[in-house]
Amino acid sequence: MPGRLDRKDLAKYPFLKEAQEWVSGRTGSLPDFLSSNYGRIAARHAVERIQEAMEGGRPPAPGPERLDPDREVYAYAIARVLASCTRDRLLMDRLARYEAERASRYLADELPEKHALVAEGVGMPAEAGDLPVVQYVELASHLKDDCWRLVNREVEEGRVTLAEGDLSDLTGERIRVLLLSQLPLPVPPAICELLSPLTAEITAAHQQYLLREFGSVKEGAFPPCIRALTLAITSGANLSHSGRFALTAFLHNIGMNPLQIMELFARAPDFDAGKTQYQVEHISGRSGTEYTAPSCATMRTHGICTGRDSLCTRVSHPLSYYRARKRMGKPGTDSPDGAPDQPAGPGHGGDKGQDGEQVGSARVPGKSQGKHEQESDKDEQACRSGEDIQ
Ligand code: SF4
């Protein structure tokens with residue numbers, strides 16, 4: 001048992017290497033374990049963990065007295081194997097968020113010494129009044145509030161000064177980034193085959209969840225960046241590769257089938273059916289890899305985050321914006337063309353794929369940013385690192 005971490009700690013922070021060493025020293029081969037009674041029970045808990053992750057919301061964080069270390073650590077490990085077998089990037093992203101949020105809830109109640117052990121376990125300083133700029137930017141670039149932006153920070157001799165509470169928030173983000181970077185795990189096909197009844201169950205549940213979430217396509221609920229890209233296409237602007245990629249992946253992710261996406265691109269005066277069909281089908285998964293629309297941070301990097309409004313301050317992904325706007329039932333008033341809602345294509349509504357590509361940057365002509373930026377400034381609040389609104 002590791003130094004100052006006890007079994008309950010491993011249940012709270014199952015991603016720490018001590019937790020993985022602990023379980024790996026107690027089980028035989030993975031196929032043998034999964035075929036055992038306890039393995040089957042643990043796998044069932046893993047499925048429940050993934051279902052909680054895909055539904056979003058706050059993960060449960062029962063008190064230590066109610067934690068079963070064996071169950072938590074095994075369920076964590078098997079959930080990662082299951083998510084890897086589905087090859088569903090959105091599911092992996094949600095699982096990483098879930099685990100980070102769960103750990104953050106426990107971390108918030110830890111004494112400084114325990115907090116420091118966990119932070120060090122994920123490569124963060126145990127305690128810090130500042131961080132090197134590079135490390136800070138890596139972590140803070142995914143946090144949505146403007147207070148995390150480097151321009152709003154005090155930087156001295158290459159280090160960013162942290163306020164009280166910042167290190168906890170950044171540690172939570174570090175956990176998310178770290179766990180996501182490890183997925184998918186290189187799971188042997190025979191193991192995925194063994195788990196295929198469970199992965200089929202997860203994939204079906206995820207499809208149902210996404211269809212419920214996204215439902216019919218509402219152009220009025222598109223985020224400003226996607227509306228700008230749509231407008232640019234319609235008005236004949238020559239979109240950069242990053243713009244075309246973001247627009248196509250977004251439309252695919254919300255459930256439009258390739259034909260429906262082609263119809264939107266066909267509004268462009270210079271529409272090239274053959275070229276567009278190839279690009280759309282490639283991004284939609286014909287090549288065997290489906291892509292996820294880029295996050296807001298990536299959109300900003302490529303200069304295609306444009307027209308931010310107040311809702312943008314509460315999301316870190318255009319898909320979160322869309323989901324939230326639809327749920328509010330108050331779609332934007334400046335829908336690009338007032339086109340009617342379109343039903344999601346059969347078998348779609350999923351976000352399988354690979355987040356973002358390395359693409360060139362270009363600013364897409366679209367809406368003026370002035371008014372929206374003013375709204376954004378007005379809504380600026382104290383730093384918070386919570387998840388996107390769901
Ligand atoms: S903040 Fe995100 S959702 Fe809003 S315009 Fe920029 S990229 Fe789009």
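**Questions on a predicted model**

Reader: In which helix is the place of Val 137?
Author: The structure is a predicted model, and Val 137 belongs to one of its helices. That helix is α8.

Reader: Is Val 137 buried, partly exposed or exposed?
Author: A residue is buried at 20 or more other C-beta atoms within 10 Å and exposed at 12 or fewer. Val 137 has 15 such atoms within 10 Å, so it falls in between and is partly exposed.

Reader: How far apart are the C-alpha atoms of Val 137 and Leu 150?
Author: Along the chain, Val 137 and Leu 150 are 13 residues apart. In space, their C-alpha atoms are separated by 7.2 Å.

Reader: How many helices and strands does the secondary structure of the chain come to?
Author: The chain has 390 residues, of which 40% count as buried. Among contacts with a separation of 6 or more, 84% are between residues 24 or more positions apart. The secondary structure comes to 18 helices and five strands.

Reader: Which element gives the largest share of the largest nonpolar core?
Author: The largest nonpolar core has 50 residues, and those with the most contacts inside it include Ala 46, Ile 78 and Leu 95. The elements that give two or more residues to this core include α4 (37-55), α5 (69-86) and α6 (89-107). The largest share, 11 residues, comes from α5.

Reader: Leaving aside its neighbours within four places in sequence, which residues are in contact with Ala 46?
Author: Ala 46 is one of the residues with the most contacts inside the largest nonpolar core. Leaving aside neighbours within four places in sequence, its contacts are Ala 75, Ile 78, Ala 79 and Leu 82.

Reader: How many residues has the other core, which lies apart from the largest one?
Author: Ile 254, Met 299, Leu 311 and Cys 312 are among the members of this other core. Its number of residues is 34.

Reader: How many of the 19 residues of α6 are buried?
Author: The helix α6 reaches 27 Å from its first C-alpha to its last, close to the 27 Å expected at 1.5 Å a residue. It is largely enclosed by the rest of the structure, because the buried residues number 17 of the 19.

Reader: What span should the residues of α13 have at 1.5 Å a residue?
Author: The helix α13 is largely enclosed by the rest of the structure, because 12 of its 13 residues are buried. Among them are Ser 242, Arg 244, Phe 250 and Asn 253. The end C-alpha atoms of α13 are 18 Å apart, which agrees with the expected span of 18 Å.

Reader: In which loop does Ala 237 lie?
Author: Ala 237 has 18 C-beta neighbours inside 10 Å, so it counts as partly exposed. Its C-alpha is 8.1 Å from that of Ala 268, a residue 31 places away in sequence. Ala 237 lies in the loop between α12 and α13 (241-253).

Reader: Which helices each supply at least two residues of the shell around the ligand?
Author: The residues surrounding the ligand include Cys 225, Cys 296, Met 299, Arg 308 and Tyr 321. By class, this shell has 10 nonpolar, one polar and one charged residues. The helices that each supply at least two of its residues are α12 (224-234), α16 (296-301) and α17 (318-328).

Reader: In what order do the three strands of the open sheet lie?
Author: The pairing in this sheet is antiparallel, and three bridges join β1 to β3. One bridge pairs Pro 132 with Arg 159 in β3. The edge strands, each pairing on one side only, are β1 (130-132) and β2. The order is β1-β3-β2.

Reader: What is the phi of Glu 157 near?
Author: Most residues other than glycine have a negative phi. Glu 157, in the loop between β2 (155-156) and β3 (159-161), has a positive value. Glu 157 has 7 other C-beta atoms within 10 Å, so it is exposed. Its phi is near 50°.

Reader: Which residues are joined by a cis peptide bond?
Author: Most peptide bonds are trans. The cis bond has an omega of about 0°, and its proline lies in the loop between α9 and α10 (189-194). The residues joined are Leu 183 and Pro 184.

Key. Residues are numbered from 1 along each chain as its sequence is written. This is a predicted model: local features need pLDDT of at least 70, side-chain atom pairs count only at pLDDT 80 or more; totals for chains, interfaces and linings use all residues. A nonpolar core is a set of buried Ala, Val, Leu, Ile, Met, Phe, Trp, Tyr and Cys residues joined through C-beta atoms within 7 Å. Helices (H or I, at least four residues) and strands (E, at least two) are DSSP runs, numbered from the N terminus. Two residues are in contact if their C-beta atoms, placed from the backbone, lie within 7 Å. The expected span of a helix is 1.5 Å times one less than its number of residues. A residue is near a molecule or strand if its C-beta atom, placed from the backbone, lies within 6 Å of it. Ala, Val, Leu, Ile, Met, Phe, Trp, Tyr, Cys and Pro count as nonpolar, Asp, Glu, Lys and Arg as charged, and the others, Gly among them, as polar. Two strands pair if DSSP finds at least two bridges between them.
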